[in-house]
Amino acid sequence: MAAGADETASPERPPEERYGVLLLDRRHKDDGRALILYSHDEDVEEPDESAAHEHDADAHEPDEHAAVEPRDGASVNPDKAGEQA
Amino acid sequence: MSVQRFNELRGEQVVYAIDRQDRTFLPSAEHCPLDPTRPGGPQTEIPVAAFQIAVFDNRFPAFEAPGGAAEVVVYTDEHDGSFATLSDARAEALMWVWRHRYEELGARSDVDYVMIFENRGVEVGVTLHHPHGQIYGYPFIPPVAALELAADERLGGCAPCELLRRELADQERLLFEGERVVAYVPHAARWAYEAHVVMREHHASLLDCDAADLRELAVALQTLVRGYDALFERPFPYVMVVHQAPTVDPAQAREHGGHLHVEFYPPLRTAEKLKFLAGSEQGAGTFISDTLPEQTAAALREAIARAV
């Protein structure tokens, strides 16, 4: 959870996702198309180099609405950034 | 749903996305589908009253799952402006968004190549003026990416690394140098004011970039586009494309080649004259330019200095 996030948030609210300096809010439009709202959380310290390659497990859970599965063995994709860090 | 046909004479795929024929075309500002949905206002593509950066599946996709992806990236909820006018923090955040989309789309089994791009200006076919870009997830490696991989083989290593080395040695076409990013008009530019913004280090993709890399990349891109706007003192049309490693097998991205860089293809050759792709360019595949890259690089350097 990002610094400053409300830990008393409603349990119905999906877990907050972090990606680098971003906070993600995943939604779906009425017609089913995916929508992601990104915000630059200025209250969160900028990640250092290692943090840039950190992968929040929440951020890599396959979208339950996604029509395409991640590649075998690719997960979305801890190995990719890990090997390139 | 789009369909592909293989053009045997050209050795390339052609995509038929006939639903795009009816896509929204230059709506008035009051009916911009990329504005936020304001209380009492029309429903737009983004059903919130305010946002920073939004990404959504294109309503008129050239590719869609399970045969690729087409996304729209909206840079701001403000209708007026451009990539050049974004705040430093927003431009930097956009680099992170690009990184995130490359990672997620590249991990999909139906996406072999992720192309992040922006078309700016009606001269290059823009249909919506709100500051935005797009992302295509191709279910194959498209010809330009394949040519870059072939260049790696021809040069016996990473082609962008070698070309950057040559430009740094030559100096004549450099636009600016940063600690991590270099911009230049390439030795064999096809467009008068073509420019490449290249990472000094061999980064296959945005996933190789740390926070400082992304920050400097954002600064470099904005420096260039602000220089473009200063060049003829008018909004400067361009196509901006982020070139990265194919994602055929994300775990082996490095082995597939690719060197993160951003290419700009501006159609203007003077303040008011466009370069058209005509007989030689279309029929023979050979660009004929009215300017030398050394001349246009000098003009761009001056424009960038004026814009700072």
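Which residues does His196(B) touch, not counting residues up to four places away in sequence? They are Val182(B), Ala183(B), Tyr184(B), Pro186(B), Val262(B) and Glu263(B). Keep in mind that this is a predicted model. Below is a quick tour of chain B, with one stop where chain A comes in.

**His196(B) and its surroundings**

- His196(B) belongs to strand S9 of chain B, which covers residues 195-199.
- With a relative accessible area of 11%, His196(B) falls under the 20% cut-off, so the residue counts as buried.
- The side chain of His196(B) also has a polar contact with the side chain of Glu194(B), at 2.8 Å.

**Strand S4(B) and its partners**

- Strand S4 of chain B spans residues 69-74, and six of its six residues are buried.
- Neither face is left open: Ala69(B), Glu71(B) and Val73(B) are buried on one side, and Ala70(B), Val72(B) and Val74(B) are buried on the other.
- Strand S3 of chain B (residues 53-57) runs antiparallel to S4(B), and four bridges join the two.
- Within that pairing, Asp57(B) has Glu71(B) as its bridge partner.
- S4(B) also pairs with strand S6 of chain B (residues 132-138), again in the antiparallel sense, this time over six bridges.
- Here Val72(B) stands opposite Gln134(B) of S6(B).

**Ile116(B)**

- Ile116(B) sits in strand S5 of chain B, residues 113-120.
- Its relative accessible area is 2%, so Ile116(B) is buried.
- Leaving out residues up to four places away in sequence, Ile116(B) touches Trp98(B), Gln134(B), Ile135(B), Leu206(B), Met240(B), Val241(B), Val242(B) and Gln244(B).
- Gln134(B) thus turns up twice: as a contact of Ile116(B) and opposite Val72(B).
- There's a link back to S4(B) in terms of distance: Ile116(B) and Ala70(B) are 46 residues apart in sequence, with their C-alpha atoms 10.0 Å apart in space.

**Aromatic pairs**

- The count of aromatic pairs over all chains is 17.
- One of them is Trp191(B) with Phe287(B): the ring centres are 5.4 Å apart and the planes meet at 70°, so this pair is edge-to-face.
- Trp191(B) is in the loop between strand S8 (181-184) and S9 of chain B, while Phe287(B) is in the loop between helices H5 (279-284) and H6 (293-307), so the pair ties together parts that are 96 residues apart in sequence.
- Trp191(B) has 14% relative accessibility and therefore counts as buried.
- Tyr193(B) and Phe232(B) make another edge-to-face pair, because their planes are at 90°, with the ring centres 5.7 Å apart.
- Tyr193(B) lies in the loop between S8 and S9 of chain B and Phe232(B) in the loop between helix H4 (211-231) and strand S10 (238-243), so this pair ties together parts 39 residues apart in sequence.
- The two partners differ in exposure: Tyr193(B) is buried at 8% relative accessible area, whereas Phe232(B) is partly exposed at 21%.
- Elsewhere, ring pairs link Phe63(B), Tyr113(B), Phe117(B), Tyr136(B), Tyr138(B) and Phe140(B) into a cluster.

**Charges over rings**

- Chain A comes in here: the charged end of Lys29(A) sits over the ring of Phe56(B), 5.2 Å from the ring centre.
- Within chain B, the charged end of Arg5(B) sits over the ring of Tyr16(B), 5.1 Å from the ring centre.

Terms used
Residues numbered from 1 in each chain as written. Chains lettered and ligands numbered in written order. Predicted model: local features only at pLDDT ≥ 70, side-chain atom pairs only at ≥ 80, totals over all residues. Heavy atoms only, no water. Buried < 20%, exposed > 50% of the residue type's maximum accessible area, 1.4 Å probe, protein only. Pairing = 2+ DSSP bridges. Polar contact = N/O pair within 3.5 Å; in protein donor to acceptor, adjacent residues only side chain to side chain. Contact = heavy atoms within 4.5 Å. Phe/Tyr/Trp six-rings, centres within 6.5 Å; stacked < 30°, edge-to-face > 60°. Lys NZ or Arg CZ within 6 Å of the ring centre and 35° of its normal.
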